[in-house]
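I opened the model to look up a few residues, one helix pair and one pocket. My notes follow in the order I took them.

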Amino acid sequence: MSKWTVYRLTEQKRKTGNVKLRTSQRDRKPVLTAEDKENIRDCIDADPDITIEEIREKLNLSNSYSTVERTINATGYTLKKESLYASERDRVRCAGKAQRVERNHNA
């Protein structure tokens with residue numbers, strides 16, 4: 001055991017009265033509260049096309065873009081927009097029958 005460990009444990013014994021492991025101090029504290037996470041979910045449910053920047057502005061979050069993005073991903077939402085497609089896909093062709101176009105190889 002190093003002398004610095006002994007110094008640290010001696011100081012801990014003096015301050016707290018024991019030398020137990022300080023496991024409660026190991027992890028980082030969550031940046032967003034449970035209330036913040038719930039508010040983010042409510043924003044997305046109300047407007048599925050809302051952007052992360054709009055969420056940050058609406059809720060006055062000082063957290064970074066990536067923090068909010070990770071929170072959204074952790075709740076199971078995806079950041080995909082509805083894809084746009086050509087309106088021709090919705091048109092009925094030849095009274096419901098598909099029209100077949102063949103190439104004339106003799107020409």
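**Gln-12.** I looked up Gln-12 first, and it counts as buried because its relative accessibility is 8% (buried means under 20% relative accessible area, exposed over 50%, partly exposed in between, with a 1.4 Å probe and protein chains only). Gln-12 lies in helix 1, residues 3-16 (helices are DSSP runs of H or I with at least four residues, strands are runs of E with at least two, and numbering goes from the N terminus). Leaving out residues up to four places away in sequence, I find Gln-12 touching Gly-17, Asn-18, Val-19, Lys-20 and Arg-22 (contact means heavy atoms within 4.5 Å). For Gln-12 and Arg-22, 10 residues apart along the chain, I note a C-alpha separation of 9.7 Å.

**Basis of the entries.** I am reading a predicted model, in which local features need pLDDT of at least 70 and side-chain atom pairs count only at pLDDT 80 or more, while totals for chains, interfaces and linings use all residues. Residues are numbered from 1 along each chain as its sequence is written, and side-chain values use heavy atoms, with hydrogens and water left out.

**Arg-8.** Arg-8 is also in helix 1. I enter Arg-8 as partly exposed, because its relative accessibility is 40%. The C-alpha atoms of Arg-8 and Val-19 are 9.4 Å apart, and the two residues are separated by 11 residues along the chain.

**The chain.** I count four helices and zero strands. The order of elements from the N terminus is α-α-α-α. Of the 107 residues in the chain, 15% are buried. Of the contacts between residues at least 6 apart in sequence, 35% join residues at least 24 apart.

**Helix 2 and helix 4.** How do I describe this pair? Two packed helices are described by the angle between their axes and the distance between the axes. The axes of helix 2 (residues 34-46) and helix 4 come within 11 Å and cross at roughly 75 degrees (axes are lines fitted to C-alpha atoms, for helices over the stretch in contact, and angles run from 0 to 180 degrees between N-to-C directions). Helix 2 and helix 4 are therefore roughly perpendicular to each other (angles of 65 to 115 degrees count as roughly perpendicular, under 35 as roughly parallel, over 145 as roughly antiparallel and the rest as oblique). From helix 2, Lys-37, Ile-40 and Ile-44 meet Val-68, Thr-71 and Ile-72 of helix 4. I sort the residues of this contact into four nonpolar, one polar and one charged (Ala, Val, Leu, Ile, Met, Phe, Trp, Tyr, Cys and Pro count as nonpolar, Asp, Glu, Lys and Arg as charged, and the others, Gly among them, as polar).

**Tyr-77.** Tyr-77 sits in the segment after helix 4. I enter Tyr-77 as partly exposed, because its relative accessible area is 24%. Apart from neighbours within four places in sequence, Tyr-77 contacts Arg-41, Ile-44, Asp-45 and Ile-72. Tyr-77 and Arg-41 are 36 residues apart along the chain, and their C-alpha atoms are separated by 8.9 Å.

**Second largest pocket.** Which element gives the most to the lining of the second largest pocket? I find that helix 4 (residues 65-74) does, with three residues. The pocket holds about 180 Å³ of space. On a 1 Å grid over the protein atoms alone, a pocket is an open set of points with protein on both sides within 12 Å along at least five of seven lines, a cavity is a set where a 1.4 Å probe fits but cannot get out, and lining residues have an atom within 4 Å of a point. Grid points are joined across faces, edges and corners, and a volume is the space filled by probe spheres set on the points. The lining of the second largest pocket consists of Arg-28, Lys-29, Pro-30, Val-31, Leu-32, Lys-37, Thr-67, Arg-70 and Thr-71. I sort these lining residues into three nonpolar, two polar and four charged.

**Thr-67.** Thr-67, one of the lining residues, belongs to helix 4. Is Thr-67 buried or exposed? I enter Thr-67 as buried, because its relative accessibility is 15%. Not counting residues up to four places away in sequence, Thr-67 touches Val-31 and Leu-32.

**Loop between helix 3 and helix 4.** Asn-60 lies in the loop between helix 3 (52-58) and helix 4. I note a positive phi of about 55 degrees at Asn-60, although Asn-60 is not a glycine. Asn-60 counts as exposed because its relative accessibility is 69%. Ser-64 is found in the loop between helix 3 and helix 4, and I enter Ser-64 as partly exposed at 35% relative accessibility. Ser-64 and Glu-53 are 11 residues apart in sequence and 9.6 Å apart in space, C-alpha to C-alpha.
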